[in-house]
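Please have a look at the protein shown here, taking time to follow the chain from one end to the other. The paragraphs after it lead through its helices step by step.

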Amino acid sequence: MTNPPPPGNWTDPTWSAQPSSPAPDPTLVAGQPVPPQPGPVDPYAPTNPYAPTNPYAPADPYAGAQPPATQPMPGYAPPGYAPPGYPPQYPGYGYPQPPKTNGMAIAAFVLALLGFTSCITAPVGAILGHVAQKQIRLSGEGGAGMAKAAIIVGWILTGFLVLVIAGYAVAIIYAITTGDNSSSY
């Protein structure tokens with residue numbers, strides 16, 4: 001194949017009547033022969049179970065190698081032995097355990113909440129809340145929020161109880177003082 005000459009009187013220094021290099025051979029890539037393309041696969045054709053799966057993949061020189069005796073690989077066990085499991089967790093690693101909740105704080109909170117139905121348990125819950133707070137400060141246990149809630153709820157309900165009792169006392173005294181003592185039989 002020849003290239004046409006440039007138009008007009010202008011001469012192109014790179015133009016020549018002959019191509020500078022021969023056309024590339026389509027069966028060669030970088031000077032190496034191109035492997036044949038795979039065709040349709042016959043599912044019933046016999047297969048060689050020992051044939052490599054990919055003939056162009058590099059072979060692993062370390063496949064099947066045993067680790068050196070001085071430094072075994074993690075998870076490696078000699079034949080006949082089970083591989084080791086995870087080592088035990090060391091103290092100080094992972095999530096810290098929450099502190100144990102003070103039992104007196106739980107009891108104080110329950111008694112303070114029961115004060116809504118029976119007002120007698122509210123002052124008991126408040127007093128136990130104070131005792132639980134002191135125990136928590138000394139022992140470092142959890143439950144400080146429950147103890148504080150028991151104190152607050154217990155004393156509020158105790159205040160309502162005192163107001164109700166005072167109201168009944170005033171009503172009784174008022175009824176006695178304004179009542180008619182003369183009876184006509």
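What span should the 35 residues of H3 have at 1.5 Å a residue, and how far apart are its end C-alpha atoms? The expected span is 51 Å, and because the end C-alpha atoms of H3 are also 51 Å apart, expectation and model agree. The model in view is a predicted one, and helix H3 covers residues 144-178.

To place this helix in the whole, it helps to read the chain in order. The protein chain has three helices and two strands, and along the sequence these follow the pattern β-β-α-α-α. Of the 185 residues in the chain, 12% are buried. If one takes the contacts in the chain with a separation of 6 or more, residues 24 or more positions apart account for 51% of them.

The helices can now be taken in pairs, and a general point guides the reading: two packed helices are described by the angle between their axes and by the distance between those axes. Helix H1, residues 103-114, packs against H3 at an angle of about 30°, with the two axes 8 Å apart. Since angles under 35 degrees count as roughly parallel, H1 is therefore roughly parallel to H3. The residues that meet in this pair include Ala105, Ile106 and Phe109 from H1, and Met146, Val153 and Leu157 from H3. Sorted by class, the contact of H1 with H3 has 12 nonpolar residues, one polar residue and no charged ones.

Helix H2, which spans residues 121-139, packs against H3 at an angle of about 150°, with the axes 7 Å apart. Angles over 145 degrees count as roughly antiparallel, so H2 is roughly antiparallel to H3. Among the residues that meet here are Pro123, Ile127 and His130 in H2, together with Lys148, Ile151 and Trp155 in H3. By class, the contact of H2 with H3 has 12 nonpolar, six polar and one charged residues.

The remaining pair is H1 with H2, whose axes lie 7 Å apart at an angle of about 160°, and these two helices are therefore roughly antiparallel to each other. Met104, Leu111 and Leu114 are among the H1 residues in this contact, and they belong to a set that meets H2 residues including Val124, Leu128 and Val131. The residues of the contact of H1 with H2 divide into 12 nonpolar, four polar and no charged. As for handedness, the crossing of H1 and H3 is left-handed, H2 passes H3 in a left-handed crossing, and the crossing of H1 and H2 is left-handed as well.

With the pairs described, one can return to H3 and ask which of its residues are buried. They are Ala147, Ala150, Ile151, Gly154, Leu157 and Thr158, and these buried residues pack against H1 and H2. An α-helix has 3.6 residues a turn, so residues three or four places apart point the same way.

One of these residues, alanine 150 in helix H3, deserves a separate look. Buried means under 20% relative accessible area, and alanine 150 is buried because its relative accessible area is 0%. Leaving aside residues up to four places away in sequence, alanine 150 touches Ala108, Phe109, Ala112, Gly125, Ala126 and Gly129. Alanine 150 and isoleucine 106, which are 44 residues apart in sequence, are 8.7 Å apart in space, from C-alpha to C-alpha.

Notes:
Residues numbered from 1 in each chain as written. Predicted model: local features only at pLDDT ≥ 70, side-chain atom pairs only at ≥ 80, totals over all residues. Heavy atoms only, no water. Axes fitted to C-alpha atoms, helices over the stretch in contact; angles between N-to-C directions. Helix = DSSP H or I, 4+ residues; strand = E, 2+ residues; numbered from the N terminus. Parallel < 35°, antiparallel > 145°, perpendicular 65-115°, else oblique. Left-handed = near helix turned anticlockwise from the far one by under 90°. Contact = heavy atoms within 4.5 Å. Nonpolar A, V, L, I, M, F, W, Y, C, P; charged D, E, K, R; others polar. Expected span 1.5 Å × (residues − 1). Buried < 20%, exposed > 50% of the residue type's maximum accessible area, 1.4 Å probe, protein only.
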